[in-house]
Amino acid sequence: MGASLVSFSVRKYHSITQKGRPVAKPKILISACLLGRPVRYNGSAKPVLHPALSAWQKAGQLVMICPEVTAGFSTPRPPAEITHGQSGEAVLANTARVQDTTGADVTAQFLTGAKAALALAQEHNCQFAILTDASPSCGSTHIYDGTFQGKKHPGTGVTTALLRANGVQVFAETEIDVLWSPLSKNYMTS
Ligand code: SF4
């Protein structure tokens, strides 16, 4: 998502809330590993320290999920990538697969995790998500290219693709400031 589109969308959200009585603080879907949960394929977390996350967490605005663990994967698990330099949108269109390093086709599980994340986002009315970039589930600006050689290319994970297809604005962990600044100024306090 380009910066201009992000800015426009956030402004639009605020113009809606400011027309009449402001709505409650927005909920934000977030990758569990960014909040320090050790759920990544290798059993690690990917914690991010940012004042926005602390503030949103304190205010009860964060809705945490790990799509892969929710889909039933164990931790640790073999790393997986979307094959042939494809992206999450192609997986949703059934024109690309997700495969792990054992050669197993794990596409169905990745779709299950994506649907669970979307259901949770909709249950909590999350219009925004902050997800871990480069993941075959959560990537939003780039992902690995399917060769398991550490090469990335522009693309999205399966969960990100499904969320975006359903109107959720997805940000990488490196883009928290883009969301933090406008949201912190405009939403109502409870
Ligand atoms: S699926 Fe998403 S939340 Fe789960 S470990 Fe991978 S990047 Fe983190």
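Two strands are taken to pair if DSSP finds at least two bridges between them. Helices (H or I, at least four residues) and strands (E, at least two) are themselves DSSP runs, numbered from the N terminus. The structure is a predicted model, in which local features need pLDDT of at least 70, side-chain atom pairs count only at pLDDT 80 or more, and totals for chains, interfaces and linings use all residues. Residues are numbered from 1 along each chain as its sequence is written.

On these terms, strand β5 (residues 128–131) runs parallel to β8 and is joined to it by 4 bridges. Within this pairing, F128 has Q169 of β8 as its bridge partner, and I130 is matched with F171 of β8. Strand β5 also pairs with β1 (residues 28–31), again in the parallel sense, over 3 bridges. There, I30 stands opposite I130 of β5.

These pairings belong to an open sheet of 4 strands with parallel pairing, in the order β2-β1-β5-β8. Strands β2 (62–65) and β8 (169–172) stand at the edges with a single partner strand each, so one side of each is left without a neighbour in the sheet. On average, and with direction ignored, neighbouring strands of this sheet are turned by 25° against each other; the axes behind this angle are lines fitted to C-alpha atoms.

In a regular strand the side chains alternate between the two faces of the sheet. Strand β5 is covered on both faces, with F128 and I130 buried on one side and A129 and L131 buried on the other. A residue counts as buried if 20 or more other C-beta atoms, placed from the backbone, lie within 10 Å of its own.

Helix α6 (residues 158–165) is likewise mostly covered, with 6 of its 8 residues buried. The buried residues are V158, T159, T160, A161, L162 and L163. Their cover includes β5 and β8, together with α3 (67–70), α4 (88–92), β4 (98–100) and α5 (107–123); contact here requires C-beta atoms, placed from the backbone, within 7 Å. Just after α6, G167 adopts a positive phi of about 90°.

The ligand is surrounded by S31, A32, C33, V39, R40, C66, P67, E68, T132, S135, S137 and C138, a residue being near it if its C-beta atom, placed from the backbone, lies within 6 Å. This shell divides into 6 nonpolar, 4 polar and 2 charged residues. Ala, Val, Leu, Ile, Met, Phe, Trp, Tyr, Cys and Pro count as nonpolar, Asp, Glu, Lys and Arg as charged, and the others, Gly among them, as polar.

How values were computed
Axes are lines fitted to C-alpha atoms, for helices over the stretch in contact, and angles run from 0 to 180 degrees between N-to-C directions. A residue is buried if 20 or more other C-beta atoms lie within 10 Å of its own, exposed if 12 or fewer, and partly exposed in between; C-beta atoms are placed from the backbone. Two residues are in contact if their C-beta atoms, placed from the backbone, lie within 7 Å.
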